[in-house]
Amino acid sequence: MYEISVSVRGIVEFLFREGDITGGEGTFSKDAMQAGSRIHRKIQGKMGLNYQAEVPLKINIERPDFVLIIEGRADGILTEDNFVTIDEIKGVYKKLENLVEPVYVHKAQAMCYAYIYALKEGLSEIAVQMTYCNLDTEQIKRFKETFTFEELKIWFEDMTDEYCKWMQFDVDNRKLRNDSIEILEFPYDYRPGQKNMAAMVYLSIKDRKNLFVQAPTGIGKTMAALFPAIQAMGNGYAEKMFYLTAKTIARSVALDGLTILRNNGLHFRSVLITAKEKICPMDETNCDPDYCPYAKGHYDRINKAMYDCLVNEDNITRDVLLSYADKHMVCPFEMGLDVSLYVDGIICDYNYVFDPRVRLRRYFGEGAKGEFVFLTDEAPNLVERASAMYSACIYNEDFLKMRKLLMPFNSKICKLLAGCNKELLEIKKMCESEKGYVIVSDIDSLYLKLLRLHAHLESFMEESKEINALKPHKDEILEFYFQINQFLNIYELMDESYEIYGEQVDSSSFMLKLYCIHPANNLSECIEKGNATIFFSATMLPINYYKELLHNDEEDAAIYIPSPFPKKNRQIMVGNDVSSRYKLRTPAMYEKIAKYIDIMVHGKQGNYMAFFPSYKMMNDVYECGCAIGLFGDIEVIVQDSHLSEQERDEFISRFREEEKPVLGFCILGGIFSEGIDLAGEHLIGAAIVGTGLPMVCNENEIKLNYFSDREDKGFEYAYLYPGMNKVQQAAGRVIRTMDDRGVILLLDERFVTRQVVDTFPAEWEDYRVVNLNTVSAELEDFWNQK
């Protein structure tokens, strides 16, 4: 029999939510949370000896197929003259004179505690009290109501009956899923290396261990992760799967894999979570209910919309969500998040699990934990993404701008803004050096001032809604508030993984940044909320670097799956008479690089890609090549810096057409250097210009110094490993199947240095060194091989 646990708060918020979505909803403020906790303790401390604080309460609701466990903690239980009152305390920033009755969700929470307690103690009558306290003024307003036990019993049973309908739906779905998994077979013959990966994934989930997998492009990593994860779910080792990616293209591959398994009999409901900006049906992503009809009354209709969708759909994609959102007039983004509670698999970006600003608090809030498995595709991308997720910055000009805007309306806030700006100016004075930045050891004084500013801003935003002069600046004020909120939240995470630095961005802008250099500690907090995490990629070398920065646990396993593809089908050449070093980027060098590319594409007719470290260099090489008569008989398509999703699809579709061969000029580390599948004749060669090293900048130099002090590998961690990861990703576009044949041309003198060669996959040991005079013959020999 299934056991399903839910908090009192969770059940009442799900069943009794109502009204509109409002802009900024769901913002997580540790400052507000701490202030609320402080107020709770203060109120509880004043209530006397007859008041019990933080009383745990629990009840089991038995059904034929499951037991629903409802539990929570009552803020207080007051017993006076043998009469019991359940006290529910809520800290708010709104003016209490505007509160004429308790919020029903809050009241329902107290009524649940009242019923559970009355049942346990055999009470015939009990009261509930809603205690609201303004977090700024500490003013208190109470609402009290008495219920008979029978009234609460009828109400509680109606509530749990309604909730159990949803739980029964979920349990029935699990049974169908597990029955289908029991007879599910791998959808095709295992490719070399694929079965080994699948076995290791299954065992890791079964043993609740994390696994790092370096596996070559083209062996079917997606299916080798999906299939065993689903098998593990069927055997009770997990209940929900998260397939995490960095890019849209990889999400499509996961969806295709699930479709293949469904076609083979799998019953598995999944949802694709799409960013709010990309799924919003309005011209502007503005959640103001006065602007958006989907936000207006959303919570009055959402449960009906969810049920309609879940009953009729298994593969809940962006288009499916938009269709049901339009039918029921609800927000498709919020609907997708709610639907995720009742599906087996969630396909989404990394940030919905790891980013403290947007991660799904339904699963990853404080204290939450579940039977989850995380399949993390293209895991090397998570290093840089995680560093950004757990970093935060503020700019001094924003404080000056906000002070000028709010001066006529709130002198207290303006004084606080000036105080924060003064702190930033003191740091700025330390920054006047050749380096252009300064490492800061202590910002405690600034932090305290930001805390006070944040609290006053929160109150001011609530009170100033009717100030007409500020309405045009609402978004600007809200954005500034979120920026402060994020900075304060990240400051709470600060440890040895961080550096604080100030930087003069330009003549009018000074930035203070909390820079998360080593994200493993923060990622681990999320990873530990599930049963197992599988990190996999074709470019996870050196694997110990990624193990350290993504989880840093010696118990994590790692496997290296050798490439099964015949070496004779692939030729790797290094052109060591050219360079992408910034100081050597001249028209003469661009001409040599263009000649290499021209020779490559004329070695055999077909489709090719050339990858460059920057848009400027890419365009300069293309223009220099055209100027000397190269590429004239080839259709060349050049990646633009601002491609829509449709334009991206059109770019890739050119390689799949059977017409004139095409040469694509692309950005190394960009959208076309990973996650795209151009098998067979769709792509037969790639030139990669440069070692992909990140640009030299203050932030990367700070990273270099950080790892030099701790690992003595500053250059490797800050530049070499991230750069060579891009190179390996781009090279992986060429060989996708056992029958593919193709060439990989590495163009930079640094590719023959020992430091760079040590980062090559084992399969690259047979690389050939060429120059502009010998490359043509090498290509001819390769293509003439049978």
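**Exercise 1.** In this predicted model, determine which parts of the chain the salt bridge between Glu371 and Arg208 links, and classify how exposed each partner is.

*Solution.*
Step 1. Glu371 and Arg208 join through their side chains in a salt bridge, with an N to O distance of 2.9 Å.
Step 2. Glu371 is in the loop between helix 13 (361-364) and strand 12 (372-377), and Arg208 is in the loop between helix 5 (194-206) and strand 7 (211-214). The two residues are 163 residues apart, and the pair links distant parts of the chain.
Step 3. A residue is partly exposed when its relative accessible area falls between the limits of 20% and 50%. Glu371 has 32% relative accessibility and is therefore partly exposed. Arg208, with 45%, is partly exposed.

**Exercise 2.** Locate Asp65 and Lys175, and state why their salt bridge ties together separate parts of the sequence.

*Solution.*
Step 1. The side chains of Asp65 and Lys175 form a salt bridge of 3.2 Å, N to O.
Step 2. Asp65 belongs to the loop between strand 2 (51-62) and strand 3 (66-80), whereas Lys175 belongs to helix 4 (residues 149-182), so the pair ties together parts 110 residues apart in sequence.
Step 3. Asp65 has 24% relative accessibility and counts as partly exposed. Lys175 is partly exposed, at 34%.

**Exercise 3.** Carry out the analysis for Lys296 and Asp20.

*Solution.*
Step 1. In the salt bridge of Lys296 with Asp20, the closest N and O atoms are 3.7 Å apart. This distance is within the cut-off of 4 Å.
Step 2. Lys296 is found in the loop between helix 8 (276-279) and helix 9 (298-312), and Asp20 in the loop between helix 1 (8-16) and helix 2 (30-45); the pair therefore ties together parts that are 276 residues apart in sequence.
Step 3. Lys296 is partly exposed at 43% relative accessibility, and Asp20 is partly exposed at 27%.

**Exercise 4.** State how many salt bridges the whole structure contains, and name the residues that are linked in a network of them.

*Solution.*
Step 1. A search of the whole structure gives 39 salt bridges.
Step 2. The network of salt bridges links Asp170, Arg174, Arg177, Glu239 and Asp344.

**Exercise 5.** Describe the surface patch that includes Asp475, and then the burial of helix 19.

*Solution.*
Step 1. Asp475 gathers with Asp283, Glu284 and Glu479 in a patch of negative charge on the surface.
Step 2. Asp475 is part of helix 18 (residues 474-491), and its relative accessibility of 47% makes Asp475 partly exposed.
Step 3. Helix 19 (residues 520-527) is mostly covered, with six of its eight residues buried. These are Ala520, Asn522, Leu523, Ser524, Cys526 and Ile527.

Definitions and conventions
Residues numbered from 1 in each chain as written. Predicted model: local features only at pLDDT ≥ 70, side-chain atom pairs only at ≥ 80, totals over all residues. Heavy atoms only, no water. Patch = residues over 30% accessible without salt bridge, like charges linked within 9 Å, V, L, I, M, F, W, Y side chains within 5 Å. Areas by Shrake-Rupley, 256 points an atom, 1.4 Å probe, with all protein chains shown as cover. Lys, Arg positive; Asp, Glu negative; His and termini not counted. Charge placed at Lys NZ, Arg CZ, Asp CG, Glu CD. Helix = DSSP H or I, 4+ residues; strand = E, 2+ residues; numbered from the N terminus. Buried < 20%, exposed > 50% of the residue type's maximum accessible area, 1.4 Å probe, protein only.
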